[in-house]
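Trainee: I am new to this structure and would like a close look at a single part of it. Could you pick one helix, show me which way its residues face, and then follow its packing outwards?

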Amino acid sequence: MASLNVGNLGEYLREQRRAAQLSLRQLADATGVSNPYLSQIERGLRKPSADVLQQVAKALRISAETLYVRAGILDEREREELETRAVILADPSINERQKNVLLQIYDSFRRENGFAPGPDADVNAGVEADAGASADAGAGSDAGDDAGTRDGDDAGAGTTQDQDPHS
């Protein structure tokens, strides 16, 4: 069964390489992996390490996690979680603190739904007890601050009326 999985990986890699219009030799040069070894991977004769898959993914500009799933190294659910985390971390429109808050909230929802927390959850474990309430409050206050700033830019001194319409 594992060889079938590796075969699927090899076929997939060949398709991706051809789509990128790279020869096997060009891919070998880009990855630092030997041409014969890449050929064996494509033919399903070898199961590459995660490091080799990461080098190939980088050269082909595809997701390493997708290759890990196809090689049987990573479970599909784990891949989805890693991709979710990668999207959050790559978002240029939010700052690092906001990214950490989102990841903490994401981990708390995963735990609530019976899934293990992600790999970065250990880093924030000491903060998570307080983060549930403060993260929600912090996220809300950031949104309010942003809205207030925008309203303030447009409305001038009238921003206190926007915050409390009953005063």
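Mentor: Let's take α2, and begin with its outer side, where Arg 25, Asp 29 and Ala 30 are exposed. Please keep in mind as we go that this is a predicted model.

The helix α2 covers residues 24-31, and its buried residues are Leu 24, Leu 27, Ala 28 and Thr 31. If you look down the axis of α2, these buried residues fall within an arc of 105 degrees, so they line one face of the helix. A general rule helps in reading such a pattern: an α-helix has 3.6 residues a turn, so residues three or four places apart point the same way. Try turning the model until you look along α2, with Leu 24, Leu 27, Ala 28 and Thr 31 as the buried residues, and Arg 25, Asp 29 and Ala 30 as exposed ones on the other side.

Now for the two ends of this helix. Ahead of α2 there is a loop that joins it to α1 (2-19), and Gln 21 sits in that loop. The phi of Gln 21 is positive, near 55 degrees, although the residue is not a glycine. With a relative accessibility of 70%, Gln 21 counts as exposed. At the other end, Gly 32 follows α2, and its phi is positive too, near 80 degrees.

What does α2 pack against? One partner is α4, whose axis comes within 9 Å of the axis of α2, with a crossing of roughly 110 degrees. That angle makes α2 roughly perpendicular to α4. From α2, Leu 27, Ala 30 and Thr 31 make the contact, and from α4 it is Gln 55, Val 56, Ala 59 and Leu 60. Sorted by class, the residues of this contact are five nonpolar and two polar, with no charged ones. The crossing of α2 and α4 is right-handed. Some residue names return here: Leu 27 and Thr 31 are buried in α2, while Ala 30 is exposed, and Leu 27, Ala 30 and Thr 31 take part in the contact with α4.

From here we can step along to α4 itself, which spans residues 50-60 and includes Asp 51. Asp 51 counts as exposed because its relative accessibility is 56%. Although Asp 51 and Ala 64 are 13 residues apart in sequence, their C-alpha atoms lie 9.5 Å apart in space.

Ala 64 also turns up where α4 packs against α5. In that contact, Ala 50, Leu 53, Gln 54, Val 56 and Ala 57 of α4 meet Ala 64, Leu 67, Tyr 68 and Ala 71 of α5. The residues of this contact are eight nonpolar and one polar, with no charged ones. The axes of α4 and α5 come within 9 Å of each other, crossing at roughly 135 degrees. The two helices are therefore oblique to each other, and their crossing is right-handed. Val 56 deserves a second glance, as it belongs to the contact of α4 with α2 and also to the contact of α4 with α5.

Between α4 and α5 (64-71) runs a loop that holds Arg 61. Like Gln 21, which has a positive phi near 55 degrees, Arg 61 is a residue other than glycine with a positive phi, in this case near 60 degrees. Arg 61 is exposed, since its relative accessible area is 79%.

For contrast, have a look at another pair. Helix α6 (residues 76-90) and helix α7 (residues 96-112) pack with their axes 9 Å apart, at an angle of about 160 degrees. That makes α6 roughly antiparallel to α7. In their contact, Glu 81, Thr 84, Arg 85, Ile 88 and Leu 89 of α6 meet Lys 99, Leu 102, Leu 103, Tyr 106, Asp 107 and Arg 110 of α7. The contact of α6 with α7 contains five nonpolar, one polar and five charged residues, whereas the contact of α2 with α4 has no charged ones.

Finally, here is the setting for all this. The protein chain has nine helices and zero strands. Of its 167 residues, 31% are buried. Among contacts with a separation of 6 or more in the protein chain, 46% join residues 24 or more positions apart.

Notes:
Residues are numbered from 1 along each chain as its sequence is written. This is a predicted model: local features need pLDDT of at least 70, side-chain atom pairs count only at pLDDT 80 or more; totals for chains, interfaces and linings use all residues. Side-chain values use heavy atoms; hydrogens and water are left out. Axes are lines fitted to C-alpha atoms, for helices over the stretch in contact, and angles run from 0 to 180 degrees between N-to-C directions. Helices (H or I, at least four residues) and strands (E, at least two) are DSSP runs, numbered from the N terminus. Angles under 35 degrees count as roughly parallel, over 145 as roughly antiparallel, 65 to 115 as roughly perpendicular and the rest as oblique. Contact means heavy atoms within 4.5 Å. Ala, Val, Leu, Ile, Met, Phe, Trp, Tyr, Cys and Pro count as nonpolar, Asp, Glu, Lys and Arg as charged, and the others, Gly among them, as polar. Buried means under 20% relative accessible area, exposed over 50%, partly exposed in between (1.4 Å probe, protein chains only). The arc is that of the directions from the helix axis to the C-beta atoms. A crossing is left-handed if the near helix is turned anticlockwise from the far one by less than a right angle, and right-handed if clockwise.
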